[in-house]
Amino acid sequence: MPGFEIEALRDSGRAITPSDFEGRYVLLNLWATWCGPCIEKIPALQKARQRYSPERLAILNVSFDRSRPEATALLEKREMPGSHAYASGGLGGEFGGKFARVSGRSSSMRGLPNLTLVGPEGKVTEIISAGDSGGVLEMLSGHLPNRQSE
C-alpha cells in the first residue's frame, strides 16, 4: 500500500497513517455525499462491521467532498462505521492520485465509490472501483473467512 498521511475528518489536527492499522486488514472506503453508489454501500459497511471485529478489520472512510461540513452532516444522519478522514485535494489530490484510480483504465481516470482491501502485510489484495458490480461482503469473505463470534 502506498504510504500516506491524511487528516482526520472531524479533527483536522490529527493525521491518520498506515501505521494506525498495523497487523489488520484495512478497508479503504473512498466516498462522497454527492456519490449515490457510495451512499448505497453504507449498509454493506455496517454489515461488515457486525461480521468482523475492529481488531481484524479496520475501516477507513475517506471523504472526497468539497467541504468537511458536507461529509460530517451526512455522518450525523447515517452511521458509517470506522475511522473517518478528509481528502482535501479531491480526486486529483495526493491521496486521490494514489487510491482513487479506476482499475483497468488510464491512471488519469478517477472514480467513486472505490473500496480497496489491504492485507495485514500492507499489500493491496482487492479493489472494487466505480462501475464494478462486486459486493463488499463477498470481497471480505474471500480474505477474512472466519466470522466474528458474538
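**Figure 1. Burial and overall organisation of the protein chain in the predicted model.** Of the 150 residues of the protein chain, 47% count as buried. The chain contains five helices and seven strands, and these elements follow one another along the sequence in the pattern β-β-β-α-α-β-α-β-α-β-β-α. Among contacts in the chain with a separation of 6 or more, 64% are accounted for by residues 24 or more positions apart.

**Figure 2. Close-up of helix H3 and its surroundings.** Helix H3 spans residues 68-77, and its buried residues are Arg68, Ala71, Thr72, Leu74 and Leu75. These residues lie on the same side of H3, because they cover an arc of only 160° around the axis. An α-helix has 3.6 residues a turn, so residues three or four places apart point the same way. Pro69, Glu76 and Lys77 are exposed on the other side of H3. The elements that cover the buried residues of H3 include the strands E1 (6-8), E3 (25-31), E4 (57-63) and E5 (83-86). Helix H1 (36-40) and helix H2 (42-51) are also among the elements covering the buried residues of H3.

**Figure 3. Close-up of the disulfide between cysteine 35 and cysteine 38.** A search of the whole structure finds one disulfide. The bond joins cysteine 35 to cysteine 38, with an S to S distance of 2.3 Å. The link of cysteine 35 and cysteine 38 is right-handed, with 80° about the S-S bond. Cysteine 35 has a relative accessibility of 4% and therefore counts as buried, the cut-off being under 20%. Cysteine 38 is likewise buried, with a relative accessible area of 3%.

**Figure 4. Close-up of the packing of helix H2 with helix H5.** Two packed helices are described by the angle between their axes and the distance between the axes. The axes of H2 and H5 (residues 136-143) come within 9 Å and cross at roughly 30°. H2 and H5 are therefore roughly parallel to each other, since angles under 35 degrees count as such. On the H2 side, the contact is made by Ala44, Lys47, Ala48 and Arg51. On the H5 side, Val136, Leu137 and Leu140 take part. By class, the contact of H2 with H5 comprises five nonpolar, no polar and two charged residues.

**Figure 5. Close-up of the buried and exposed sides of helix H5.** Val136, Leu137, Met139 and Leu140 are buried in H5. Seen down the axis of H5, the buried residues fall within an arc of 160°, so they line one face of the helix. Glu138 and Gly142 are exposed on the other side of H5. Helix H2 is one of the elements that cover the buried residues of H5. The covering elements also include the strands E3, E4, E6 (114-118) and E7 (124-128).

**Figure 6. Close-up of methionine 139 and its contacts.** Methionine 139 lies in helix H5 and is buried, with a relative accessible area of 2%. Not counting residues up to four places away in sequence, methionine 139 touches Leu27, Leu117, Glu126 and Ile128. Methionine 139 and isoleucine 127 are twelve residues apart in sequence, and their C-alpha to C-alpha separation in space is 8.6 Å.

Note on methods
Residues are numbered from 1 along each chain as its sequence is written. This is a predicted model: local features need pLDDT of at least 70, side-chain atom pairs count only at pLDDT 80 or more; totals for chains, interfaces and linings use all residues. Side-chain values use heavy atoms; hydrogens and water are left out. Buried means under 20% relative accessible area, exposed over 50%, partly exposed in between (1.4 Å probe, protein chains only). Helices (H or I, at least four residues) and strands (E, at least two) are DSSP runs, numbered from the N terminus. The arc is that of the directions from the helix axis to the C-beta atoms. Contact means heavy atoms within 4.5 Å. A disulfide is a pair of cysteine sulfur atoms within 2.5 Å. Axes are lines fitted to C-alpha atoms, for helices over the stretch in contact, and angles run from 0 to 180 degrees between N-to-C directions. Angles under 35 degrees count as roughly parallel, over 145 as roughly antiparallel, 65 to 115 as roughly perpendicular and the rest as oblique. Ala, Val, Leu, Ile, Met, Phe, Trp, Tyr, Cys and Pro count as nonpolar, Asp, Glu, Lys and Arg as charged, and the others, Gly among them, as polar.
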